[in-house]
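Biologist: Hi, I've got a structure open here and I'd like to talk it through. Could you bring it up on your side too?

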Amino acid sequence: MTAYGKLPPWTKLLSVLLALLVWQLAAWLVQSHLLLVSPWTALVRLVILSGQGSFWLAVFHSLGRILLGFALALVTGICLAVFSARWPLMDVLLWPYMAAIKATPVASFIILCLIWLDSRSLSVFISFLMVLPIIYTSVLQGIRSTDVQLLEMAQVFRVNRWRRLCYIYLPQLRPFLVSSCTVATGLAWKAGIAAEVIGIPAGTIGERLYQAKIYLDTGDLFAWTIVVVGLSIVVDKAIVHGLDRLFACMESR
Amino acid sequence: MSMAIEIKQVSKSYAGRRVLDRFSAALPAHETTVIMGPSGCGKTTLLRLLMGLERPDAGQIDGLPDKISAVFQEERLCRPFSALANVRLVTGKSVSRQIIAHHLAEIGLSGSILQPVRTLSGGQQRRVSIVRAMLADSDLILLDEPFKGLDADTKNSVLTYVKSKAEGKTLLVVTHDAAEATALAPVDSWIRMPAIPAD
């Protein structure tokens with residue numbers, strides 16, 4: 001353990017190996033490929049699937065749509081938070097929508113939106129909807145906790161809005177933005193894939209998961225689930241790394 | 001002697017507690033004025049009124065320029081950014097990097113110009129905030145206990161720096177230290193603020 005009580009990074013790898021061991025033991029105890037496949041079987045299926053062109057098409061279709069929904073929610077959430085910080089009435093007006101989105105089960109939204117939207121746009125919209133309140137709430141909280149003393153300094157020195165944004169607001173928003181993006185990426189994947197499983201748009205991960213369920217192909221189900229978990233982790237790390245690089249670049253000027 | 005700023009019968013209260021009571025003073029243009037007084041007599045409140053961060057409850061302040069720069073009681077620096085970037089925040093591109101670096105070096109910060117401010121000591125941060133105030137384009141410079149937390153040697157070099165850069169500018173310095181006041185302005189340029197009697 002380090003001086004700050006944090007465990008070294010290799011312990012995460014150890015925990016993954018331990019989880020795989022638990023999974024293997026459970027599969028060995030269950031002794032049924034229909035109920036639970038072993039990690040090895042899932043890995044073999046994953047390797048076989050990844051050799052097919054349709055696998056990569058499904059991955060890129062789902063990845064593209066979920067990322068689009070996430071990006072739209074990120075931009076909209078930040079804009080709405082900025083407006084709400086400027087005009088508190090807007091926060092009050094938005095509150096019922098945000099509260100409803102947070103509390104409503106994602107399946108209700110998916111079924112409802114399936115009536116209005118075509119199945120290909122569904123995962124974009126559902127990811128957008130699930131990510132929006134997280135980004136909005138977090139960024140608004142970040143703006144509201146901006147150091148008043150720095151804002152007074154900027155007022156006295158007549159610092160322009162652009163510089164206030166770059167030097168005062170963005171650095172203070174950094175932890176809020178990073179933590180909300182981490183939470184939101186996982187949710188975007190869960191909700192987006194759920195929307196695909198229900199809407200069944202052709203050539204997506206959701207469709208492949210649905211087919212695995214219909215044909216009771218537990219190996220494929222686990223293989224695709226590993227893909228979703230892997231993509232979610234990679235996207236999360238990429239976004240956090242991208243934000244860190246952006247802020248580091250800004251601060252080194 | 002031309003009068004730049006006139007403070008007329010200014011009063012200010014916070015939550016029913018009076019911190020300034022019909023205070024009047026005149027600050028001559030292009031000269032240094034020192035404000036002294038016991039703790040709680042309203043010195044910082046007076047500076048906040050001059051900065052436009054507060055409005056007086058009564059009285060008025062005439063002749064306030066638009067362009068003001070300040071050293072606050074706290075450093076008020078953008079901590080992730082370098083000393084250079086913190087000064088550039090207020091000067092923009094009107095002052096070159098070389099000039100900022102030269103000013104920072106003048107008060108002993110030559111080795112810390114590009115370091116994030118959060119890694120600097122309290123005294124170094126204080127000096128960055130002083131350079132920021134002195135380099136900003138302003139017609140009035142307000143310094144609230146600017147030498148707080150500086151050791152004797154550093155204080156002397158910073159005093160020399162402030163005196164040389166403030167020449168010909170309207171400067172108002174709040175201090176408790178008579179030696180600092182003496183170094184900055186003749187005794188007839190001192191304003192002694194009275195203690196506010198308890199309500």
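Modeller: Sure, and one term to begin with: contact means heavy atoms within 4.5 Å. This is a predicted model, where local features need pLDDT of at least 70, side-chain atom pairs count only at pLDDT 80 or more, and totals for chains, interfaces and linings use all residues. Residues are numbered from 1 along each chain as its sequence is written, chains are lettered from A and ligands numbered from 1 in the order in which they are written, and side-chain values use heavy atoms, with hydrogens and water left out.

Biologist: Okay, which residues does A:S38 touch?

Modeller: A:S38 touches A:W23, A:Q24 and A:A27, leaving aside residues up to four places away in sequence.

Biologist: And where is A:S38 placed in chain A?

Modeller: A:S38 is in the loop between α1 (10–30) and α2 (39–50) of chain A. Helices (H or I, at least four residues) and strands (E, at least two) are DSSP runs, numbered from the N terminus.

Biologist: Is A:S38 buried or exposed?

Modeller: A:S38 has a relative accessible area of 13%, so A:S38 is buried. Buried means under 20% relative accessible area, exposed over 50%, and partly exposed in between (1.4 Å probe, protein chains only).

Biologist: Which side chain does A:S38 have a polar contact with?

Modeller: That's A:T41, with a polar contact of 2.8 Å between the two side chains. A polar contact is a pair of N or O atoms within 3.5 Å; within protein, one must be able to donate a hydrogen and the other to accept it, and residues adjacent in sequence count only if both atoms are side-chain atoms.

Biologist: What about A:S232, where is that?

Modeller: A:S232 is found in helix α10 (residues 218–251) of chain A. A:S232 is buried too, at a relative accessible area of 14%, and touches A:T185, A:G186 and A:W189, not counting residues up to four places away in sequence.

Biologist: Zooming out, how many helices and strands does chain A have?

Modeller: Chain A has ten helices and zero strands. Of its 253 residues, 40% count as buried, and the C-alpha atoms fill a box of roughly 70 × 55 × 30 Å along the principal axes.

Biologist: Now the other chain. How many residues does each chain give to the contact?

Modeller: Chain B gives 27 residues and chain A gives 17 residues. Together they bury about 1900 Å², 64% of it on carbon and sulfur atoms. Buried area is the accessible area (1.4 Å probe) that two parts lose on being put together, summed over both.

Biologist: Which residues of chain B supply the most?

Modeller: B:R76, B:F81 and B:L89 supply 34% of the area that chain B buries against chain A, more than any other three residues.

Biologist: How many salt bridges are there between the chains?

Modeller: Two salt bridges are counted between chain B and chain A. B:R76 forms a salt bridge with A:E152, and the closest N and O atoms are 2.8 Å apart. A salt bridge is a side-chain nitrogen of Lys or Arg within 4 Å of a carboxyl oxygen of Asp or Glu.

Biologist: Last topic: how many disulfides are there?

Modeller: The structure holds zero disulfides over all chains, a disulfide being a pair of cysteine sulfur atoms within 2.5 Å.

Biologist: Why is there no bond for B:C78?

Modeller: Because the closest cysteine sulfur, in A:C166, is 11 Å from the sulfur of B:C78, too far for a bond. B:C78 counts as buried, at 1% relative accessibility.
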